[in-house]
Structure formats: C-alpha cells, structure tokens
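Here's a quick report on one sheet and a residue sitting in it. Have a look at the model first.

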Amino acid sequence: MSGNVSISGIKSEGESEDNLKRQGSFRKLLPANTNGDSQLGTAAKMIDRPNSSQNSKEYAAYFQEYNILAEYSMLRDQDLKGIYVIPSAQNSFLWFGVQFIRQGIYQGGVFRFTITLPQNFPDGKCPDVVFQTKVFHPLINYETGELYTFWGFPEWKRNIRIWKLVQFITRIFIKLDTKMTPVNEEALLLLETNFESYKEQVKKCVKDSLSVVYDRPTVDDPHYITFSPYNSEIHDPIKQEIYNLKNDSENKPTGYSWVQPGSLTPFSKSEAR
C-alpha cells in the first residue's frame, strides 16, 4: 500500500488526535474550550446534540467538520477486520474504502467503495455507499455499484455511527440472507434457486476485483488507497521486522512467578529487593 495515510483500525505508534486535526480537509480550528474539553471531545459531544443555540449556528461549519473528524476517530477505534477507510484529503464528505474478504464464498475479493456523507451531516439520510469494483450481490446494483443500505438501516438517525455502516458493508459478504430486498434480482434468484451458479458468478467478480487491484487512482487525491506489487527489496525487511516483533512478544514473560524454582509451594520465592 502506498501513501502516508492512516486507515481504519490501524493507528501508528505515537499518533495523536492532533495529527488528525490538521490532516487534509480538517483544517478549521474551533476556539479554545473554557470547560477544559479538547476540541475533538467537544465535537464528539456535539454529534448527538441538536443545533439549537445561537453559538452552534455561528460555528455550524466548524462543528460539522469536527463531527466528521470525531466519527472517523471512533471508526479507527473499532476492531474492524479486513476493511480500510479514510476521508478524502480534499473533501471531508467523501471517504475512500477497500474491503478485503477473508471468509465465505466471496473470500479473496478486494472491493473498492466510497462513502459519501449528506451535506447536512450528521443529520440527513444514510450516507451513500458505492462500489467501484463490479460486485455480484443481491444488495448491490451491478451497473451503478450502489449498495442498498436501507436493508441494514431502514431509518437513519444522527446517533448511528459511521463505523456501524462500515461494519454492515463487511457483514453483507459473510452472511447472505435470502429474505433481503434485492436491487440485483438475478443475484437473489440464483442465491435461492441455484447456489452453484451463484457461486460461479461470485468467483468471477472476485477474480475481476484482483485484476484491477494495482490500477492507477481514479481520482487525484493523496488519500486514495493505492497498492503496488510486492517488491522483495522493500518489503522483505519490513516483513522480517514484523516476524521479529511477534517472536519477541511470544518469548517475553507474561507475569512474575512467586514460586521458587524446584518448589511447588506458592509464594516460596522471596520478594526481590
């Protein structure tokens, strides 16, 4: 993967909230909070609070960007497997994502998508999810790539977190429900009546997704998630470093023993001075 971007579920060591405040389009700064809360903490509290006061109206644009930033911060704290999301550097309402399918019949697929927040976020409708990769699935329009989010969120409320939507994107590939309302009726029909044919269509879309993994970005944005082929000179040392860290953690003692070597008596070991 190329580019110096932080993605969902992964935090670089030593990374702080301040790194996020000045990243990309998150450049507006709120006045200092006299109550001692951080600006990000203030934004998080504002997400679920109606914008009724005169003060919040004056700073609506600022709070909106901090609300989006707080949503991204919460998403990064979730243990979401195999899915990576980051807001655009140029437009905080547009988020880039890539889904790596790790299990089920879609296993091996690498599906790109975008999440577009409504302009009146955190109010408004459910964010739009559109796949750039062709995906054969009952809930995904094969031609436009649009995900039918209504199946998971029939009513979108401002207290629903964006990470829940990201979690839903992962879940639709693992748990196939024949009762779902389809936007791809052919996919649902095959799922119900000819599962082997359905798997063949899925196998094809997985293969197609892998053929475009290394394609050039479709947009000029430094946060667009890109990938490059394996380069042993660059990646072998990094892989070895990861293995070394894993081995060190496995060999490291997990606690202090109070049993004297050769004894079975608890607390037989004298306390170190």
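What follows walks through the sheet, the helix across it and one phenylalanine.

This is a predicted model, so local features need pLDDT of at least 70 and side-chain atom pairs count only at pLDDT 80 or more, while totals for chains, interfaces and linings use all residues. Residues are numbered from 1 along each chain as its sequence is written, and side-chain values use heavy atoms, with hydrogens and water left out.

The sheet is open and has four strands (DSSP E runs of at least two residues, numbered from the N terminus) in the order S1-S2-S3-S4. The pairing, which takes at least two DSSP bridges between two strands, is antiparallel. S1 and S4 are the edge strands, each pairing on one side only. From one strand to the next, the twist averages 20 degrees (axes are lines fitted to C-alpha atoms, for helices over the stretch in contact, and angles run from 0 to 180 degrees between N-to-C directions).

| Strand | Residues |
|---|---|
| S1 | 83–87 |
| S2 | 94–100 |
| S3 | 110–116 |
| S4 | 128–131 |

S1 and S2 are joined by five bridges, and valine 85 stands opposite glycine 97 in S2.

Helix H5 (residues 162–174; helices are DSSP H or I runs of at least four residues) lies across S1, S2, S3 and S4, at about 150 degrees to S3.

S3 is also where phenylalanine 111 is found. Phenylalanine 111 is buried (under 20% relative accessible area, with a 1.4 Å probe and protein chains only), at 0%. Leaving out residues up to four places away in sequence, phenylalanine 111 touches (heavy atoms within 4.5 Å) residues including Gly97, Phe131 and Phe173. The C-alpha atoms of phenylalanine 111 and glycine 97 are separated by 8.4 Å, and the two are 14 residues apart along the chain.

Definitions and conventions: Buried < 20%, exposed > 50% of the residue type's maximum accessible area, 1.4 Å probe, protein only.
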